[in-house]
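This report walks through the fold, then turns to selected residues and the packing inside.

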Amino acid sequence: MLDTVYRDLGSGYVPRWHADIIDPESAYLRPDRCTLLVVRHGDEIVATGAVRDRGPAAPPNPQWVADRFPSGTTAQLCRIYVRPEHRRHGLARWLVRELGAFAAGAGGYTSLYLHTDPAVPGAEPFWRSLAREVCDERTLPGGGQGIIHFELPMPMPAAV
């Protein structure tokens, strides 16, 4: 996950945005309705993806986006990352499918939300192939944060 913030985003580690990367246990493993998936190839971690039990905050996100995706009923997909040399093999789609199934099975979620930075190579076309755009901040006055907010269909819970 740190590869993303250093290699793809170029921001480096920013505690207020990336504390979950340093403490994934508190962010994803302890809460009942959160999870973190890790894909390994041999001894190497090649992909990650997570579900958080909170929606986007305002600020920095537009208030109407935060209102549309309230914490508690929003499953936020995050930290979906595939190392460049392992991309285009279906890992990200598999992660999205599994994380959606987790959110549906966790109960209480009514929406599946994510945001992405279109500067990450391949991110924008990937998410446009799976999700519906809710807000492209690049079109807002001042450009907002330059990110794109998306909603995915909430899968039906698996039959027991």
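β1 and β2 are antiparallel partners, joined by seven bridges. R40 is bridged to I45 of β2. The hairpin of these two strands leaves two residues between them, and G42 there has a positive phi near 65 degrees. The model is a predicted one.

**The sheet**

The hairpin belongs to an open sheet of six strands. Their order is β1-β2-β3-β4-β6-β5, with mixed pairing. β1 (35-41) and β5 (132-136) are the edge strands, and each pairs on one side only. On average, neighbouring strands are turned by 25 degrees against each other, direction ignored.

β4 (residues 111-116) and β6 (residues 148-152) run antiparallel and share five bridges. L112 has L152 as its bridge partner in β6.

Two helices pack on this sheet. The table sets out their contacts and directions.

| Helix | Residues | Strands touched | Direction |
|---|---|---|---|
| α5 | 91-106 | β1, β2 (44-52), β3 (74-82), β4 and β6 | about 35 degrees with that of β2 |
| α6 | 123-130 | β3, β4, β5 and β6 | about 30 degrees with that of β6 |

β3, β4 and β6 thus appear in the contacts of α5, and they appear in those of α6 as well.

**The cores**

The largest nonpolar core has 23 residues. Which of them touch the most other members? They are L77, W127 and L152. β2, β3, α5, β4, α6 and β6 each supply at least two residues of this core. α5 gives the most, with five residues.

L77 shows how these parts meet. Beyond four places in sequence, L77 touches A50, V51, V96, L99, L112, Y113, L114, W127 and L152. W127 and L152 are thus among the contacts of L77. L152 is also the residue bridged to L112.

Another core, of five residues, lies apart from the largest one. V65, F69, Y113 and V134 are among its members.

**H149**

H149 sits in strand β6. Is H149 buried or exposed? Its relative accessibility is 0%, so H149 counts as buried. The side chain of H149 makes a polar contact of 2.6 Å with the side chain of Y113.

Leaving aside neighbours within four places in sequence, H149 is in contact with N61, P62, V65, Y113, L114, H115, R132, E133, V134, C135 and E137. V65, Y113 and V134 are in that list, and these residues are also named among the members of the five-residue core. Y113 is a contact of L77 too.

**The cysteines**

How many disulfides does the structure hold? The count is zero. C34 is in no disulfide, and its nearest cysteine sulfur belongs to C78, 8.3 Å away. Why does C78 form no bond with C34? The closest cysteine sulfur to that of C78 is in C34, and 8.3 Å is too far for a bond; the cut-off for a disulfide is 2.5 Å between sulfur atoms.

Both cysteines are buried nonetheless. C34 has 6% relative accessibility and therefore counts as buried. C78 has a relative accessible area of 10% and is likewise buried, because the limit is under 20%.

Definitions and conventions: Residues numbered from 1 in each chain as written. Predicted model: local features only at pLDDT ≥ 70, side-chain atom pairs only at ≥ 80, totals over all residues. Heavy atoms only, no water. Pairing = 2+ DSSP bridges. Helix = DSSP H or I, 4+ residues; strand = E, 2+ residues; numbered from the N terminus. Axes fitted to C-alpha atoms, helices over the stretch in contact; angles between N-to-C directions. Contact = heavy atoms within 4.5 Å. Buried < 20%, exposed > 50% of the residue type's maximum accessible area, 1.4 Å probe, protein only. Polar contact = N/O pair within 3.5 Å; in protein donor to acceptor, adjacent residues only side chain to side chain. Core = buried A, V, L, I, M, F, W, Y, C linked by side-chain atoms within 4.5 Å.
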